[in-house]
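Colleague: I should like to go through this model with you, one question at a time. Please give the reasoning before each result.

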Amino acid sequence: MPDQTFLILVVVLMMAVTFLPRALPLQVNTDHWPPFVARALEYLPVAIVAAISLTPLLIKDQHLQLDRPEFYAAIPTLLCAYFSKNLFLSVAVGTAAYIALGSFL
Amino acid sequence: MNETSSSQPLMVRPPRSRTFAEASPVVAGYFTVSFVFGLMAVNAGMPLWLPVAMCLFVYAGASQFAALALISSGASLTTIVLTTFLINARHMLMSVYMAKALQAMGLSRLERWCYAGGLTDESFAFHSVKLGKGAPVNVRYLIGFNLYCHTSWVLGGLLGAICAQYAAHLIKYQLDYALTAMMLYVLVSLCNTRNKLIAALAAVACMGALSMVGSSPFNVFIATFVGCGVGVCLTKRS
């Protein structure tokens with residue numbers, strides 16, 4: 001087991017490098033930003049959420065791998081989210097599909 | 001509950017129970033994932049306080065798991081800290097968005113620091129849907145939402161660490177797909193116009209192509225810029 005001082009240092013430094021990127025941009029005064037930045041920022045949530053949520057389902061270990069339960073379970077989840085507009089139902093359908101597919105594939 | 005709140009109109013501020021109801025899917029998902037984190041940390045030979053301290057102070061899913069693997073493999077402090085920084089650098093983008101989106105609310109410095117402490121992928125996703133719809137939100141709602149999520153993250157880590165000896169077999173259930181399903185739901189909600197759908201597809205295509213070349217924490221930055229760029233071009237044309 002690594003010694004306690006090392007672990008405390010790890011936690012403290014990890015906290016610093018996690019908290020500062022979250023906190024510093026939020027302190028900036030946005031009053032004088034040019035209008036095109038506002039137009040670009042309008043697309044930021046959808047772009048970043050799409051990139052971080054969908055890509056790991058399509059690609060694993062630098063290869064397109066679609067024959068995984070992660071990917072198949074995403075299809076009913078997306079359909080359910082689109083048609084039902086119900087978060088709890090979509091999460092239930094997605095998790096159930098993932099567990100069911102995991103036992104077959 | 002008490003006399004003062006019942007005499008006020010209902011819509012003035014969201015009651016605490018509604019904040020909790022809206023945060024509950026994230027709360028449940030976080031609890032499950034951090035439970036597994038606590039379990040894994042103690043099974044990897046870490047002291048009981050480590051997963052709890054990490055959940056409380058670091059509060060970042062992927063980088064906590066990465067750090068655990070690195071500590072176990074005897075990596076240096078520099079490697080661990082740099083990896084954490086790179087994995088979490090994407091939060092800078094989210095923070096920039098929130099700086100603009102929360103501008104109208106006139107947050108104080110302290111409120112900004114508090115909000116930043118709870119900024120995660122999931123809270124960002126949920127809050128940006130709400131802000132994008134123009135729903136009435138206030139700072140109490142946002143920070144309250146984050147506090148519920150953070151609390152469940154810490155409690156999950158603590159419980160996982162305590163139950164490590166008895167519950168190691170629970171890892172195989174992989175309930176963490178709930179978090180993925182939640183993000184997919186949010187993605188569908190965010191794609192409310194044709195332009196946004198195209199921007200999302202552009203970001204995924206770019207991120208996918210980059211990930212096939214090599215997995216790097218910068219991929220998400222490039223993909224987000226491409227997605228935003230495509231979006232801006234579409235806005236100009238229409």
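**Helix α13 and the core**

Colleague: How far apart are the end C-alpha atoms of helix α13 (residues 219–237) of chain B?

Modeller: The model is a predicted one. Helix α13 of chain B has 19 residues, and at 1.5 Å a residue these should span 27 Å. The distance between its end C-alpha atoms agrees with that expectation, for it is 27 Å.

Colleague: Which helices do the buried residues of α13(B) pack against?

Modeller: The buried residues of this helix include B:Val220, B:Ala223, B:Val226 and B:Val230. From chain B, they pack against α6 (91–101) and α12 (194–213). From chain A, their partners are α2 (35–41) and α3 (44–58).

Colleague: Where does the largest nonpolar core lie with respect to the domains of chain B?

Modeller: This core has 103 residues, and A:Val49, B:Val186 and B:Leu187 are among those with the most contacts inside it. Its largest share, 13 residues, is from helix α2 (residues 16–43) of chain B. Both domains of chain B give residues to the core, so it lies between domain 1 (3–190) and domain 2 (192–238).

Colleague: Which residues does A:Val49 touch, not counting residues up to four places away in sequence?

Modeller: A:Val49 is one of the residues with the most contacts inside the core. Its partners are B:Ala125, B:Met183, B:Val186, B:Leu187 and B:Leu190.

Colleague: Which helix gives the most to the side of chain B that touches chain A?

Modeller: The contact takes 57 residues from chain A and 73 residues from chain B. On the chain B side, 49 are nonpolar, 19 polar and 5 charged. The element that gives the most, with 12 residues, is helix α11 (residues 177–190) of chain B.

Conventions. Residues are numbered from 1 along each chain as its sequence is written. Chains are lettered from A and ligands numbered from 1 in the order in which they are written. This is a predicted model: local features need pLDDT of at least 70, side-chain atom pairs count only at pLDDT 80 or more; totals for chains, interfaces and linings use all residues. Two residues are in contact if their C-beta atoms, placed from the backbone, lie within 7 Å. Helices (H or I, at least four residues) and strands (E, at least two) are DSSP runs, numbered from the N terminus. Ala, Val, Leu, Ile, Met, Phe, Trp, Tyr, Cys and Pro count as nonpolar, Asp, Glu, Lys and Arg as charged, and the others, Gly among them, as polar. A nonpolar core is a set of buried Ala, Val, Leu, Ile, Met, Phe, Trp, Tyr and Cys residues joined through C-beta atoms within 7 Å. A residue is buried if 20 or more other C-beta atoms lie within 10 Å of its own, exposed if 12 or fewer, and partly exposed in between; C-beta atoms are placed from the backbone. Domain bounds come from an automatic or database domain assignment.
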